[in-house]
Structure formats: C-alpha cells, structure tokens
Amino acid sequence: MISVKNLKKSFGINEVLKDINCEIKRNEVVCVIGPSGSGKSTFLRCLNKLEEITGGHINIEEIEISDRKVNINRIRQNIGMVFQSFNLFPHLTVIDNITLAPIMLKKINKKQAEEIAYDLLKKVGLIEKVNVYPDKLSGGQKQRVAIARSLAMQPSIMLFDEPTSALDPEMVGEVLNVMKGLANEGMTMVVVTHEMGFAREVSNRVIFMENGYIVEEGEPSQIFTAPQNERTKRFLEKVL
Ligand code: ADP
Ligand code: MG
C-alpha cells in the first residue's frame with residue numbers, strides 16, 4: 001500500500017532522512033520508535049506530503065506522490081493524520097469540527113456528514129459531547145475527537161505522530177483503546193509512539209529509526225525480546 005524507496009529529506013544542510021526504505025501492506029499496523037530527533041515526524045510528514053522530499057520515491061496506492069503533478073489534496077483526503085497536539089478548531093463544536101472537512105472538501109451534504117459524525121462519536125465513546133466546544137473537553141477527549149475528525153474523511157491510511165505524548169497519564173489508555181479498535185477493524189496505520197506496550201501488543205511490525213535511517217525492523221516479539229542491532233538494544237534498555 002505504501003512503498004518508500006531511498007527517501008531523503010534535508011532541511012538546508014541538515015540531512016534528516018538519509019536513505020529510508022520500507023513497504024507497508026494494507027491492514028498492517030506499523031509502529032515507528034526511536035530517539036528524539038531521529039526523523040520520525042519528518043518521515044510521517046513526507047508520507048502525506050506535508051514536506052517536499054529531497055530524493056527518492058514514495059508510492060501510495062499506486063500513486064507516485066513525489067511526482068509534482070499529483071493532486072496533493074486528493075492524497076491528503078485519503079491519508080488521515082493525528083498529531084501530538086490535537087489541533088481542533090476552538091470556535092467549532094465537536095460535531096462541526098468533524099463535519100467541516102467532509103462538507104467542504106468531499107461535498108457531502110450536511111445531514112449525511114452528521115450521520116457519519118454520530119457513528120464516529122459513538123465509536124470513540126463521545127456521543128454525549130456532540131455539541132460541546134473543545135475547551136470543555138479533557139486532553140484525552142480532544143484527541144479522540146481529533147481521531148474521529150480524521151476518520152470522517154474515510155481515509156484508507158491513518159498516520160499518528162505521538163498521539164498520546166501530550167496527555168496526562170490517566171488519559172493515555174482511552175486514546176490507545178480507540179486506536180486499538182481501529183487496528184482491529186483493519187485500518188492501515190503508521191504510528192510513531194513511545195508507548196512500547198501498544199507497539200508490542202497491537203502492531204504487526206516495529207521500525208526502529210535512528211539518525212535518519214531505519215536501523216532495524218521486525219515483528220514486535222522479535223524487536224522487543226531479541227533486538228539484533230546494538231543501537232536498538234541500547235534504546236530499548238532505556239525505555240523499557
Ligand atoms: P523526531 O520526530 O524523531 O523527534 P523530527 O523528524 O522531528 O524527529 O526531527 C529530526 C530533525 O529534523 C531534527 O534535527 C529537527 O531539528 C529537524 N527538523 C524537523 N523539522 C524541521 C523543519 N521544518 N526545519 C528545519 N529542521 C527541521
Ligand atoms: Mg517527532
């Protein structure tokens with residue numbers, strides 16, 4: 001579903017992604033782990049063209065997204081992204097946050113968009129917050145609305161960049177549970193996370209990044225119990 005070949009990304013003279021190669025299959029859940037500054041966020045941002053790549057190729061569902069001619073908006077509609085900071089629109093209620101993009105970009109009528117939103121709010125356990133403004137929500141609730149908002153565009157891939165890192169510890173579980181439900185439904189997901197329990201339990205594959213390279217990848221059972229690379233070992237010793 002996603003094929004990345006010799007991906008390079010520099011900011012000025014700072015080469016952040018040096019030579020990234022990976023394949024992500026439909027229905028796969030891939031967790032990306034690694035130290036701060038290793039290029040994880042930049043990698044995700046390249047996947048939905050929030051960054052212009054410096055070299056290499058990214059192919060998503062048979063479309064070469066690095067091609068300048070491709071319609072960026074069409075690609076982004078197909079790829080949901082959830083960030084560490086929830087980025088809800090503060091002046092819109094929960095339901096309006098969720099229906100805005102489908103109405104504006106997909107030209108779905110309001111009633112239909114609201115039906116989709118109700119279903120999604122049920123799924124993330126927040127149907128009672130439908131008419132509330134974001135400032136009345138806890139961090140965990142905001143992030144669950146942000147996930148629902150992404151899903152409202154009916155993407156075929158979801159990217160998550162440390163979705164629980166800004167949350168108080170007691171709210172991490174409710175967000176991870178929503179993500180776990182999504183994984184169980186077969187959503188193709190790429191998740192940058194420090195939640196090693198989630199990576200171990202939910203992902204099909206773990207990618208360890210360091211210094212702009214994928215240093216090691218494998219099934220979680222292998223990575224977490226028998227990492228092959230010294231740097232993976234050292235990283236896991238610190239975080240586990
Ligand atoms: P991670 O998510 O693994 O912590 P990032 O991808 O955020 O790593 O950052 C990797 C490197 O890229 C860092 O050195 C960071 O300073 C640099 N970087 C990221 N975004 C930009 C940007 N927009 N402009 C310049 N440098 C950036
Ligand atoms: Mg990051």
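How far does a polar side-chain atom of Lys40 lie from an oxygen atom of ligand 1? In this predicted model, the separation for Lys40 is 2.8 Å. Ser41 also approaches the ligand through its side chain: a polar atom there lies 2.8 Å from an oxygen atom of ligand 1. Ser38 takes part through its backbone instead. A polar backbone atom of Ser38 is 3.2 Å from an oxygen atom of the ligand. On its own, ligand 1 exposes 560 Å². The protein buries 58% of that area.

The surroundings of ligand 1 can be listed residue by residue. The run Pro35, Ser36, Gly37, Ser38, Gly39, Lys40, Ser41 and Thr42 belongs to the shell, and so do Phe11, Asn14 and Val16. By class, seven of these residues are polar, three are nonpolar and one is charged. Two elements, β2 (14-24) and α1 (40-47), each supply at least two shell residues. The largest share comes from α1, with three residues.

The strands around this site were examined next. One open sheet holds four strands, in the order β2-β1-β4-β5. Its pairing is antiparallel. The edge strands are β2 and β5 (63-64), and each pairs on one side only. Strand β2 thus has two roles: β2 is an edge strand of this sheet, and β2 also supplies residues to the ligand shell. At the other edge, β5 pairs with β4 (residues 55-60) over two bridges, in the antiparallel sense. Within this pair, Asn59 has Glu64 of β5 as its bridge partner.

A further open sheet is built from six strands. Their order is β6-β7-β8-β3-β9-β10, and the pairing is mixed. Why do β6 (79-82) and β10 (213-218) each have one side without a neighbour in the sheet? Both stand at the edges with a single partner strand, so one side of each is left without a neighbour. Neighbouring strands of the six-stranded sheet are turned by 20° against each other on average, direction ignored. Inside the sheet, β3 (residues 29-33) and β9 (residues 205-210) run parallel and are joined by four bridges. One residue of this pairing is Val32, whose bridge partner in β9 is Ile207.

The record gives a wider frame for these elements. UniProt, in an unreviewed entry, places the feature "domain: ABC transporter" at residues 2-236. Over residues 2-236, the chain is 38% helix and 26% strand. The end C-alpha atoms of that stretch are 27 Å apart.

Conventions. Residues are numbered from 1 along each chain as its sequence is written. Chains are lettered from A and ligands numbered from 1 in the order in which they are written. This is a predicted model: local features need pLDDT of at least 70, side-chain atom pairs count only at pLDDT 80 or more; totals for chains, interfaces and linings use all residues. Side-chain values use heavy atoms; hydrogens and water are left out. UniProt positions are given in the numbering used here, feature names are shortened, and annotations may be inferred rather than shown by experiment. A residue is near a molecule or strand if one of its heavy atoms lies within 4 Å of it. A polar contact is a pair of N or O atoms within 3.5 Å; within protein, one must be able to donate a hydrogen and the other to accept it, and residues adjacent in sequence count only if both atoms are side-chain atoms. Accessible areas come from the Shrake-Rupley method with a 1.4 Å probe; for residues, only the protein chains shown count as cover. Ala, Val, Leu, Ile, Met, Phe, Trp, Tyr, Cys and Pro count as nonpolar, Asp, Glu, Lys and Arg as charged, and the others, Gly among them, as polar. Two strands pair if DSSP finds at least two bridges between them. Axes are lines fitted to C-alpha atoms, for helices over the stretch in contact, and angles run from 0 to 180 degrees between N-to-C directions.
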